[in-house]
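Biologist: Could you please walk me through this model? I should like to begin with the whole chain and then turn to single residues.
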Amino acid sequence: MKKSSLLATCLAAATMGAQAQSNVQLNGLVDAYIGSMRMAGDKASKSVVGSGGLTTSWWGMSGTEDLGGGLTASFALNGFFRTDTGETGRFGADTQFSRDAYVALAGSFGVVNLGRSKAPNFLPTIAFNPLGDSFTFSPLVLHANVPLFNGTGWGATTSSDTGWSNQITYTTPSLAGLKANLHYQFGEIAADNGKRNMGLNLMYFSGPVGLTTFWERTEVSNPVPVALPGGATRTNWMLGGSYDAKVVKGFITYGESSSDLAGVPDKATTSLGLSAPVGSGKLLAAWANTKVDAGNTRDTVTVGYDHTMSKRTDVYALVMNDKITTFESGTSFGLGVRHRF
């Protein structure tokens with residue numbers, strides 16, 4: 001065999017071997033609902049076809065490669081979109097891959113992740129309430145992450161989004177059900193390079209018991225990093241627990257947020273929830289209460305049912321009541337379908 005033919009054969013074999021050890025996937029989730037929305041302080045209800053009743057719609061690409069010796073490389077590029085209009089992002093100014101944009105190395109040491117990925121608050125919040133990552137109907141998620149732009153002046157307890165850009169994250173190996181994530185976001189602000197975000201979370205699962213906590217200190221906003229208004233430094237923490245008794249699973253959390261900026265009050269949030277298997281789905285119920293120092297109190301309650309049709313598709317019906325002390329309450333409902341691909 002000629003040397004050139006032998007070299008070509010070797011290169012082809014090497015390429016096939018590399019391809020066999022790596023993979024790239026296109027995946028995502030589409031969620032849409034029809035209903036009526038009225039939050040606390042809204043002047044009237046609004047009939048809608050909305051996006052993301054239970055999960056914010058998203059799509060993207062991810063991949064892994066086995067590098068040998070127990071080392072794995074991976075990446076993810078995932079972006080949100082609005083099913084009702086076809087627009088990209090969670091809102092008009094959202095970045096293209098605001099859900100994930102990172103590359104990572106994993107091994108026996110854990111995982112090191114570089115790029116845009118989850119903030120410390122995200123996993124503990126969605127894993128310890130029965131409505132998961134619903135930014136439309138989950139009381140805990142709404143109080144933590146969704147401001148109201150309706151004259152109530154109500155702001156989220158989380159100051160810097162559920163994802164952080166310009167971030168390095170280290171995830172420990174699991175030790176008897178306990179795993180930790182350490183987060184550091186570089187501010188990359190030319191006028192003040194000292195601005196940054198940092199935080200951590202702990203997640204513990206063993207049998208029916210789940211426990212969590214997170215803490216974060218933020219000086220930079222997201223998804224587009226700029227200094228928080230007034231040069232403020234915000235801190236936010238939460239403790240949570242769950243117990244699965246099979247016939248019902250209970251959830252409880254308590255957390256506080258504060259700012260060193262004068263005139264910004266502290267907030268304390270308590271939440272309770274349960275999910276119970278009924279038929280081919282789950283009955284869901286959740287409540288969150290946020291008290292503002294020398295200010296209003298907000299109570300939000302949601303009940304509903306999520307019916308599983310297949311491993312990839314479910315339909316749901318939810319009703320929510322939202323109340324802020326000195327404003328009119330609002331009631332919302334939604335009937336929706338969620339499909340994973």
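Biologist: How many helices and strands are there in the protein chain?
Modeller: This is a predicted model, and its protein chain contains 3 helices and 17 strands.

Biologist: What is the radius of gyration of the chain, and what would a compact globule have?
Modeller: The protein chain has 22 Å, and a compact globule with 341 residues would have a value near 20 Å, so the two agree. Along its principal axes, the C-alpha trace spans about 85 × 55 × 45 Å.

Biologist: What share of the residues counts as buried?
Modeller: Of the 341 residues, 43% count as buried. The accessible surface of the chain is about 16,600 Å², and carbon and sulfur atoms make up 64% of that area.

Biologist: What share of the contacts with a separation of 6 or more comes from residues 24 or more positions apart?
Modeller: Such pairs account for 53% of those contacts in the protein chain.

Biologist: A change of topic: how many positive and negative side chains are there?
Modeller: There are 26 positive and 24 negative side chains, and the centres of the two sets lie 5 Å apart.

Biologist: Now to single residues. Is Asn197 buried or exposed?
Modeller: Asn197 has a relative accessible area of 0%, which is under 20%, so this residue counts as buried. Asn197 is located in strand β9, which covers residues 196–206.

Biologist: Which residue has its backbone nitrogen 2.7 Å from a polar atom of the Asn197 side chain?
Modeller: That residue is Glu219. Beyond four places in sequence, Asn197 is also in contact with several other residues, among them Trp164, His183, Arg217 and Asn222.

Biologist: You mention Asn222. What kind of peptide bond joins Asn222 and Pro223?
Modeller: The bond is cis, with omega about 10 degrees. Pro223 belongs to the loop between β10 (209–218) and β11 (234–244).

Biologist: What is the general pattern for peptide bonds and for phi?
Modeller: Most peptide bonds are trans, and most residues other than glycine have a negative phi.

Biologist: Which residue in the loop between β8 and β9 should I look at?
Modeller: Consider Glu188, which is found in that loop. Glu188 is not a glycine, yet its phi is positive, at about 55 degrees. The relative accessible area of Glu188 is 54%, which is over 50%, so Glu188 is exposed.

Biologist: And what is the phi of Ala294?
Modeller: Ala294 has a positive phi of about 50 degrees, although this residue is not a glycine either. Ala294 lies in the loop between β14 (281–292) and β15, and Ala294 is exposed, with a relative accessible area of 93%.

Biologist: Let us move on to β15. Where is Thr308, and which residues does Thr308 touch?
Modeller: Thr308 is in strand β15, residues 297–308. Apart from residues up to four places away in sequence, Thr308 touches Ser280, Gly281, Thr313 and Asp314. With 43% relative accessibility, Thr308 is partly exposed.

Biologist: How far apart are Thr308 and Ala268?
Modeller: They are 40 residues apart in sequence, and their C-alpha atoms are 35 Å apart in space.

Biologist: Finally, which side chain makes a polar contact with the side chain of Arg340?
Modeller: The side chain of Asp314 does, at 3.3 Å. Arg340 is in strand β17, residues 330–340, and counts as partly exposed at 28% relative accessibility. Arg340 also touches residues including Gly28, Leu29 and Lys311. Arg340 and Lys311 are 29 residues apart in sequence, while their C-alpha atoms are 8.5 Å apart in space.

Notes: Residues numbered from 1 in each chain as written. Predicted model: local features only at pLDDT ≥ 70, side-chain atom pairs only at ≥ 80, totals over all residues. Heavy atoms only, no water. Helix = DSSP H or I, 4+ residues; strand = E, 2+ residues; numbered from the N terminus. Rg over C-alpha atoms; globule rule 2.2 N^0.38 Å. Buried < 20%, exposed > 50% of the residue type's maximum accessible area, 1.4 Å probe, protein only. Contact = heavy atoms within 4.5 Å. Areas by Shrake-Rupley, 256 points an atom, 1.4 Å probe, with all protein chains shown as cover. Lys, Arg positive; Asp, Glu negative; His and termini not counted. Charge placed at Lys NZ, Arg CZ, Asp CG, Glu CD. Polar contact = N/O pair within 3.5 Å; in protein donor to acceptor, adjacent residues only side chain to side chain.
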